[in-house]
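The following exercises concern the reading of a protein model from its sequence and coordinates. Each task is followed by a solution in steps.

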Amino acid sequence: MPKNKRIRRSDPTAASSAPYSLSDKSSSNNNDASSSRNKPEGASNLVAPNTSLGQHFLKNPAVVTAIVAKAGLKSTDTVLEIGPGTGNMTIPLLQQSKNVVAIEYDTRMVREVLKRVEGTSSERKLKVIQGDAIKTRFPFFDVCVANVPYQISSALVFKLLSHRPMFRCAVMMFQEEFALRLTARPGEALYCRLSVNCQLLAKVDQLMKVGRNNFRPPPKVESRVVRIELRNPPPPVNFTEWDGMVS
């Protein structure tokens, strides 16, 4: 039987309790746990999304494959995944990288993504941090991949823009209008503070459009995938003062 997988929590005072470890299931569920180890890696049961948290699970394997491919992963990379959900993207990320650190707010999803790798060769390569991605201190990573809930899109982009040490790129899926704001030009209707700051500090490319029917449940709007690469060296400006000028 594999060793218990512990979950690191964003609150350091709660880290020792690890209340969402797989070992915390009751003994009546032991047979289910054993059978899950016999499933192929990546097998998953359907878990209901919590739309109040902005959860819309990407269900199309072709879209998952395309996003992972556009991340350009190396076998030596550490990947930061924000909001792994049930692990549909986590599995291929694990297969193509050195390791994955996933930050997940929903404790149900923490348990689910850990079950996806339990007893597989990928188990030792996955670390799950239960907590708020905006409040959690990011570990070192080479590439960030995320299907981002709308509620944290802006805060997450600004957090990544100021993150150090610099990472190679972030490949992220946003609601379409938000994604288009990242690359909007002066004079366009969507040009805003987000556009100015993002283009000052990073190079942003629109990669692909993703239709709403590729998600469970379908969101009300379409989505887009973008790649964000920090400018290196960064521009010689005081970002706090600059941001105050354009607010």
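Two residues are in contact when heavy atoms of theirs lie within 4.5 Å. On that basis, residues 24 or more positions apart account for 68% of the contacts in the protein with a separation of 6 or more. The model is a predicted one.

**Exercise 1. Confidence and overall content**

Task: State which stretches have pLDDT under 50, and describe the make-up of the protein as a whole.

Solution.
1. Begin with the averages: the mean pLDDT is 83, and 75% of the residues reach 70 or more.
2. Locate the weak parts. Residues 1-6 stay under 50 and have 16 contacts beyond four places in sequence. Residues 10-39 are also below 50, with 35 contacts in the model beyond near neighbours in sequence.
3. Apply the general caution: where pLDDT is low, the predicted coordinates should not be read in detail.
4. Count the elements: the secondary structure comprises eight helices and ten strands.
5. Consider burial and surface. Of the 247 residues, 47% are buried. The accessible surface is about 12,400 Å², and carbon and sulfur atoms contribute 50% of that area.

**Exercise 2. Two helices with a buried face**

Task: Determine which residues of α2 and of α6 are buried, and where they lie around each helix axis.

Solution.
1. Use the cut-off: a residue is buried under 20% relative accessible area and exposed over 50%.
2. In α2, residues 61-70, this selects Val63, Val64, Ile67 and Val68 as buried.
3. Seen down the axis of α2, these residues fall within an arc of 135 degrees, so they line one face of the helix.
4. On the other side of α2, Pro61, Ala62, Thr65 and Ala69 are exposed.
5. Recall the geometry: an α-helix has 3.6 residues a turn, so residues three or four places apart point the same way.
6. Identify the packing partners of the buried α2 residues: β2, α3, β6, β7, β8 and β10.
7. Repeat for α6, residues 176-183, where Glu176, Phe178, Ala179 and Leu182 are buried. Their arc is 165 degrees, so they too line one face of the helix.
8. The buried residues of α6 pack against α5, β7, α7, β8 and β10.

**Exercise 3. A covered helix and an enclosed strand**

Task: Establish how many residues of α4 and of β5 are buried, and what surrounds the α4 residues.

Solution.
1. In α4, residues 107-117, eight of eleven residues are buried, and the helix is mostly covered.
2. The buried set of α4 includes polar names such as Thr107, Glu112 and Arg116 alongside Met109, Val110, Val113, Leu114 and Val117.
3. Among the elements covering the buried residues of α4 are β2, α3, β4 and β5.
4. In β5, residues 126-130, four of five residues are buried, so the strand is largely enclosed by the rest of the structure.
5. Strand β5 pairs with β4 in the parallel sense over five bridges; one of these links Val100 to Leu126 in β5.

**Exercise 4. The nonpolar cores and the end of β7**

Task: Identify the residues that touch the most other members of the largest nonpolar core, then describe the setting of Gln175.

Solution.
1. The largest core has 32 residues, in which Ile82, Leu160, Met172, Phe174 and Leu182 touch the most other members. Helix α5 supplies the largest share, five residues.
2. A second, separate core has 29 residues, including Leu73, Ile91, Val100 and Met208.
3. Examine Phe174: beyond four places in sequence, it touches Val148, Ser153, Val157, Ala179, Leu182, Ser223, Arg224 and Val226.
4. Turn to Gln175, which lies in β7. At 29% relative accessibility, Gln175 counts as partly exposed.
5. Beyond four places in sequence, Gln175 contacts Tyr150, Val221, Glu222 and Ser223. The C-alpha atoms of Gln175 and Glu222 are 6.1 Å apart, although 47 residues separate them in sequence.

**Exercise 5. Backbone geometry**

Task: Find where the cis peptide bonds and the positive phi of Gly119 are placed.

Solution.
1. As a reference, most residues other than glycine have a negative phi, and most peptide bonds are trans.
2. Arg164 and Pro165 are joined by a cis bond with omega about 5 degrees; Pro165 sits in the loop between α5 and β7.
3. Asn232 and Pro233 are likewise joined by a cis bond, with omega about 5 degrees; Pro233 belongs to the loop between β10 and α8.
4. Gly119 follows α4 and has a positive phi, near 75 degrees.

Terms used:
Residues are numbered from 1 along each chain as its sequence is written. This is a predicted model: local features need pLDDT of at least 70, side-chain atom pairs count only at pLDDT 80 or more; totals for chains, interfaces and linings use all residues. Side-chain values use heavy atoms; hydrogens and water are left out. pLDDT is the predictor's confidence in each residue, from 0 to 100. Buried means under 20% relative accessible area, exposed over 50%, partly exposed in between (1.4 Å probe, protein chains only). Helices (H or I, at least four residues) and strands (E, at least two) are DSSP runs, numbered from the N terminus. The arc is that of the directions from the helix axis to the C-beta atoms. Accessible areas come from the Shrake-Rupley method with a 1.4 Å probe; for residues, only the protein chains shown count as cover. A nonpolar core is a set of buried Ala, Val, Leu, Ile, Met, Phe, Trp, Tyr and Cys residues joined through side-chain atoms within 4.5 Å. Two strands pair if DSSP finds at least two bridges between them.
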